[in-house]
Amino acid sequence: MEISHTHAQSQRVLRQRNLLVVVASALGAFTAILLLITATRDREVILQPVLGSALTVSSAGASREYLELITRDTAVLTLDRSPANLEYWMKSVLDITAPSAQGKIRADLMKVVNEQRGSSIAQFFTIQTMEIDPKNLWSTVTGDLHTIVGNKVVSKERRTFRFDWQYSGLSLKLVGFGMVTTGKEKDQ
């Protein structure tokens with residue numbers, strides 16, 4: 001009886017060992033397949049060469065740093081233009097605009113394009129200060145707006161521009177922008 005009990009126990013251990021070998025082999029093969037897929041798969045890294053530090057985008061809202069960087073780039077994009085780049089300028093501004101605001105902004109941009117097309121008037125903006133409100137999603141930039149006719153700078157005026165934003169998911173989109181006018185500027 002002891003021999004039959006020992007034989008039954010050794011058969012059970014043998015089945016467990018065989019099952020363990022099969023499971024280990026399957027896991028090893030699965031690991032090898034995963035390593036092969038990982039090694040041959042394309043990798044993608046998003047580079048942001050103009051940033052001084054790492055930037056995290058969260059669904060909780062736009063961070064102050066993110067809104068500041070987007071405002072800086074948008075101010076340069078919207079306020080630097082010449083007759084030679086009007087089509088690109090308008091397309092680029094519309095690319096960062098929220099779908100709900102595209103009609104109004106397109107109409108405003110078309111006025112500028114029609115006024116500037118065929119002229120020799122260009123402008124560029126140099127940022128001096130920036131105010132950011134990530135909670136209410138607006139930002140302002142103050143700086144010098146330079147106007148050039150031909151190759152001569154004809155004016156340099158201190159101006160403030162406001163940008164209004166919409167944050168949806170992980171995307172920050174422009175919903176409006178324009179020059180901020182004070183009482184002094186309205187009187188002139």
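**A walk from the N-terminal helix to the strands**

Over residues 19-39 the chain is 100% helix and 0% strand, with the C-alpha atoms at the two ends lying 30 Å apart. The model you are looking at is a predicted one. For this stretch, residues 19-39, the unreviewed UniProt entry gives the feature "transmembrane region".

Let's move along to helix H2, which covers residues 64-79. Its 16 residues reach 22 Å from the first C-alpha to the last, close to the 22 Å expected at 1.5 Å a residue. Which residues of H2 are buried? They are Tyr66, Leu67, Leu69, Thr71, Thr74, Ala75, Thr78 and Leu79. To see what surrounds them, look for helix H3 (86-95) and for the strands S1 (121-133), S2 (138-149), S3 (152-168) and S4 (171-180): the buried residues of H2 pack against these elements.

Now follow the strands themselves. S2 and S3 run antiparallel and are joined by twelve bridges. One pair to find is Ser139, which stands opposite Phe163 in S3. Two residues lie between S2 and S3 in their hairpin, and in that turn Gly150 has a positive phi of about 70°.

From S3 you can carry on to S4. How many bridges join S3 to S4? There are nine, and these two strands also run antiparallel. Here Gln166 has Lys173 in S4 as its bridge partner. The hairpin of S3 and S4 has two residues between the strands, and Gly169 takes a positive phi near 65° there. As you trace the strands, keep one general point in mind: in a regular strand, side chains alternate between the two faces of the sheet.

Conventions: Residues are numbered from 1 along each chain as its sequence is written. This is a predicted model: local features need pLDDT of at least 70, side-chain atom pairs count only at pLDDT 80 or more; totals for chains, interfaces and linings use all residues. Side-chain values use heavy atoms; hydrogens and water are left out. Helices (H or I, at least four residues) and strands (E, at least two) are DSSP runs, numbered from the N terminus. The expected span of a helix is 1.5 Å times one less than its number of residues. Buried means under 20% relative accessible area, exposed over 50%, partly exposed in between (1.4 Å probe, protein chains only). Contact means heavy atoms within 4.5 Å. UniProt positions are given in the numbering used here, feature names are shortened, and annotations may be inferred rather than shown by experiment. Two strands pair if DSSP finds at least two bridges between them.
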